[in-house]
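Biologist: Pick one part of this model and take me through it up close, please. I'd like the charged and polar contacts there, plus the surroundings that frame them.

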Amino acid sequence: MEVELEAMKSIGVIGVYREAYKIILSRRRIFTQITLSLILPLSFISLAHTQLSNNLFPKITDQNQKDAAETQIPATSPYTNMFDLLSSTSTSYWLLQVAYTIFSFILSLLSTSAIVYTIACIFSGREVTFRMVMSVVPKVWKRLIITSLSIFLALSAYHVVAVIVIALAAVLIAFGPNTNAGLVFLLVVVVLYSMGFLYMIIIWQLASTISVLEDSYGFQAMKRSNQLIRGKVGLSILILLMPGLIYYMLQKALGKVVVHGESLGMVNRVAFANACLSLLLLLSLFQRVIQTIIYFVCKSHQHENFDKLALSDHLQVYAEELYVPLKATQSSA
């Protein structure tokens, strides 16, 4: 890396972005290979999912209304859902959602583990090849699955609690003696919920990196992530949120033009789709690189350090089919 680990604790948003740009540019060949092999299929799956979902959902609605009319059951009846589930269009739609979730989840984990391992090799001064990365990735991504499932359980519990609290706030507004107090309480709950949700997303991303580079995974990686991020929560949210928002807007714009852009003409639609897809690929790569850099920034902030020679030895054994996690040592600073 261009910036030494000890110096990384003082870099800000622009510094992290600059460091990510330098890393990608210095090893653009291997990052291009990772992007084309793992991130590009993920983008294509996302685009296909958007278009197929937009085509199938109106058919489900029409089929739902048709079944209700034929059986003389009101459209608002709960029994209407039975006919919806039994229809072939509805089955196709839900099978599509399941398939999309599985494939996007797998490709996302594979791309994350590939990029984290590649940057660790760059940091340790080791030469890294695409073939080496792809041989290591299958040994790492299972740990990421356990971490992701742990985060999913934590998020599910978080949302259950949030729904209960919001329901209590709604009851307070509807039946309480002071409606204004209830509205203020609801607003505070929504703000706290949003802040907590963002925090857990950051914990998820940092825990994914930890699962690749350390001996912690699952709930232990979440605990380790919570320890590392102390003092860098605001910076991490700001750094990761900006590319995420841009990615979301580009994805929505791409889906809208591809599905509903007939008035633009085929040539303009294809040109716009290619431009958006290219930007999506770059942003997805950039975001994953940033995710790994934040890990090193947080370690530097906590005065932890790596012995680069030891790190290189660990990575060498790692590539030889024996997983040896990267050990951190406490800095003397």
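Modeller: A quick word on labels before zooming in: helices (H or I, at least four residues) and strands (E, at least two) are DSSP runs, numbered from the N terminus. This is a predicted model, so local features need pLDDT of at least 70, side-chain atom pairs count only at pLDDT 80 or more, and totals for chains, interfaces and linings use all residues. Residues are numbered from 1 along each chain as its sequence is written, and side-chain values use heavy atoms, with hydrogens and water left out.

The part I'd pick is the loop between H6 and H7, where glutamate 214 sits. First, a bit of context. The protein has ten helices and two strands, and read from the N terminus they go α-α-α-α-α-α-α-α-α-β-α-β. Of its 333 residues, 44% count as buried (under 20% relative accessible area; exposed is over 50%, partly exposed in between; 1.4 Å probe, protein chains only). If you take the contacts in the protein with a separation of 6 or more, 77% of them come from residues 24 or more positions apart (contact means heavy atoms within 4.5 Å).

Now to the charges. Searching the whole structure turns up two salt bridges (a side-chain nitrogen of Lys or Arg within 4 Å of a carboxyl oxygen of Asp or Glu). Glutamate 214 pairs with arginine 224, and their closest N and O atoms are 2.8 Å apart. Since arginine 224 belongs to helix H7 and glutamate 214 to the loop between H6 and H7, the pair ties together parts that are ten residues apart in sequence.

Glutamate 214 also forms a salt bridge with lysine 299, this time with 3.6 Å between the closest N and O atoms. This pair links distant parts of the chain, with glutamate 214 in the loop between H6 and H7 and lysine 299 in helix H9, 85 residues apart. Through shared partners, the salt bridges join Glu214, Arg224 and Lys299 into one network.

What about burial, then? Glutamate 214 has a relative accessible area of 5%, so glutamate 214 is buried. Arginine 224, at 13% relative accessibility, counts as buried too. And lysine 299 comes out at 0% relative accessibility, so lysine 299 counts as buried as well.

Staying in the loop between H6 and H7, have a look at serine 216. Its relative accessible area is 14%, so serine 216 is buried. Apart from neighbours within four places in sequence, serine 216 has contacts with Arg143, Ile210, Ser211 and Ala221.

Ala221 leads us on, as Ala221 is one of the H7 residues that touch H5. H5 and H7 pack with their axes 8 Å apart and at an angle of about 75° (axes are lines fitted to C-alpha atoms, for helices over the stretch in contact, and angles run from 0 to 180 degrees between N-to-C directions). That angle makes H5 roughly perpendicular to H7 (65 to 115 degrees; under 35 is roughly parallel, over 145 roughly antiparallel and the rest oblique). On the H5 side, Thr147, Ser150, Ile151, Leu153 and Ala154 make the contact, and they meet Phe219, Ala221 and Met222 of H7.

On the other side of the loop is H6. The axes of H5 and H6 come within 10 Å and cross at roughly 175°, so these two helices are roughly antiparallel to each other.

One residue of helix H6 to click on is glutamine 205. At 17% relative accessibility, glutamine 205 counts as buried. Its C-alpha atom is 10.0 Å from that of threonine 147, although the two residues are 58 residues apart along the chain. Threonine 147 is also among the H5 residues in the contact with H7. Setting aside neighbours within four places in sequence, glutamine 205 is in contact with Leu240, Gln287 and Gln291.

To pull it together around the loop: glutamate 214 has salt bridges with arginine 224 and with lysine 299, while serine 216 touches residues including Arg143 and Ala221. Around them, H5 is roughly perpendicular to H7 and roughly antiparallel to H6.
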